[in-house]
Amino acid sequence: MRRPMVAGNWKMHGTRASVAELIEGLANLALPGGVDVAVFPPSLHVSLVVDCLEGQSISVGAQNCAPQAGQGALTGEVSSTQLADAGCKFVLVGHSERRQIMGESNEVLNRKFEAAQAAGLIPILCIGETLEEREAGKTLEVVGQQLGSIIEELGIGAFVNAVIAYEPVWAIGTGLTASPEQAQEVHAAIRAQLKKENSEVAQGVRLLYGGSVKAANAVELFGMPDIDGGLIGGASLNADEFGAIIRAAGN
Ligand code: PGA
């Protein structure tokens, strides 16, 4: 049985004051056992969040890492090694905002994924199609290529200790959500692609759905057989809403 997971991607939100308030709200939530919960603050606030969540059953992750582990001359970057040292357990790799706005290619993302694992972090690989690609009937092809790039470069074994998040770009921050059936179709295809390489790995890997998940639609989405939880953006900035989504994953 795969253990459900709910991850909160705070994106470029939060001041020291608002982060402290959000953490206080999270600390007061009654969380169900059996669900892994993680929050992803901007890297600037990672240490603050790690300190404030000490003793809580909520993990901390980063939204991005450098394409190489360790330390070195790479101005402006934060490495997976530094994030692990600061108390992170996870790191997002290939969020669509980084692919599209920051121009990150599959090649760079392969290196980030590898750097994350080299430092002992669990990468959450984000993949998903644009509206144009969906309307052109290319959803499974696009998602398959994004996933295939990591499989080809790093091998199926890379997914023994990784999470995948399917996030249709057209559903991120738009209020449009993939229907549970649309999401399930892609999740099943992702698992089938992994299964071609190794069925045990395919059965074990957690596939999260992301894109305008709220308490109101979480139960239906998380009820689908290949959806093992969610990657939550906007709704994770509200502790009560985030808590309700976590409870939905626990059902
Ligand atoms: P959203 O973002 O929940 O605000 O749509 C999801 C994400 O980008 O991870």
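**Exercise 1. Find the ligand's polar partners.**

Which residue has an N or O side-chain atom 2.6 Å from an oxygen atom of the ligand?

*Solution.* Start with His 95: an N or O atom of its side chain sits 2.6 Å from a ligand oxygen. That's a polar contact, meaning a pair of N or O atoms within 3.5 Å (within protein, one must be able to donate a hydrogen and the other to accept it, and sequence neighbours count only if both atoms are side-chain atoms). Next, the side chain of Glu 167 puts an N or O atom 2.7 Å from an oxygen of the ligand. Then switch to backbone: Gly 233 has an N or O atom there, 2.9 Å from a ligand oxygen. Now zoom out: 13 residues surround the ligand, with Lys 11, His 95, Glu 167, Gly 173 and Ser 212 the closest. Being near here takes one heavy atom within 4 Å.

A quick note on the input: this is a predicted model, where local features need pLDDT of at least 70, side-chain atom pairs count only at pLDDT 80 or more, and totals for chains, interfaces and linings use all residues. Numbering runs from 1 along each chain as its sequence is written, and side-chain values use heavy atoms, leaving out hydrogens and water.

**Exercise 2. Describe how helix 10 packs on helix 11.**

*Solution.* Two packed helices are described by the angle and the distance between their axes. Take helix 10 (residues 215-222) and helix 11 (residues 239-250): their axes come within 9 Å and cross at roughly 20°. So helix 10 is roughly parallel to helix 11 (angles under 35 degrees count as roughly parallel, over 145 as roughly antiparallel, 65 to 115 as roughly perpendicular and the rest as oblique). The crossing is right-handed. For the contact (heavy atoms within 4.5 Å), helix 10 supplies Ala 215, Ala 218, Val 219 and Phe 222, while helix 11 brings Glu 241, Ala 244, Ile 245, Ala 248 and Ala 249. Sort these contact residues and you get eight nonpolar, no polar and one charged.

**Exercise 3. Work out what helix 7 does with helices 5 and 8.**

*Solution.* First, helix 5 (residues 106-118): it packs against helix 7 at about 55°, with the axes 10 Å apart. That makes helix 5 oblique to helix 7. Helix 5 passes helix 7 in a right-handed crossing. Their contact residues split into four nonpolar, five polar and two charged.

Second, helix 7 (residues 139-154) and helix 8 (residues 180-197): the axes come within 10 Å and cross at roughly 35°. This crossing is right-handed. Among the residues that meet are Leu 140 and Val 143 in helix 7, and Val 186 and Ala 189 in helix 8. The tally for this contact is eight nonpolar, four polar and two charged.

Terms used: Axes fitted to C-alpha atoms, helices over the stretch in contact; angles between N-to-C directions. Helix = DSSP H or I, 4+ residues; strand = E, 2+ residues; numbered from the N terminus. Left-handed = near helix turned anticlockwise from the far one by under 90°. Nonpolar A, V, L, I, M, F, W, Y, C, P; charged D, E, K, R; others polar.
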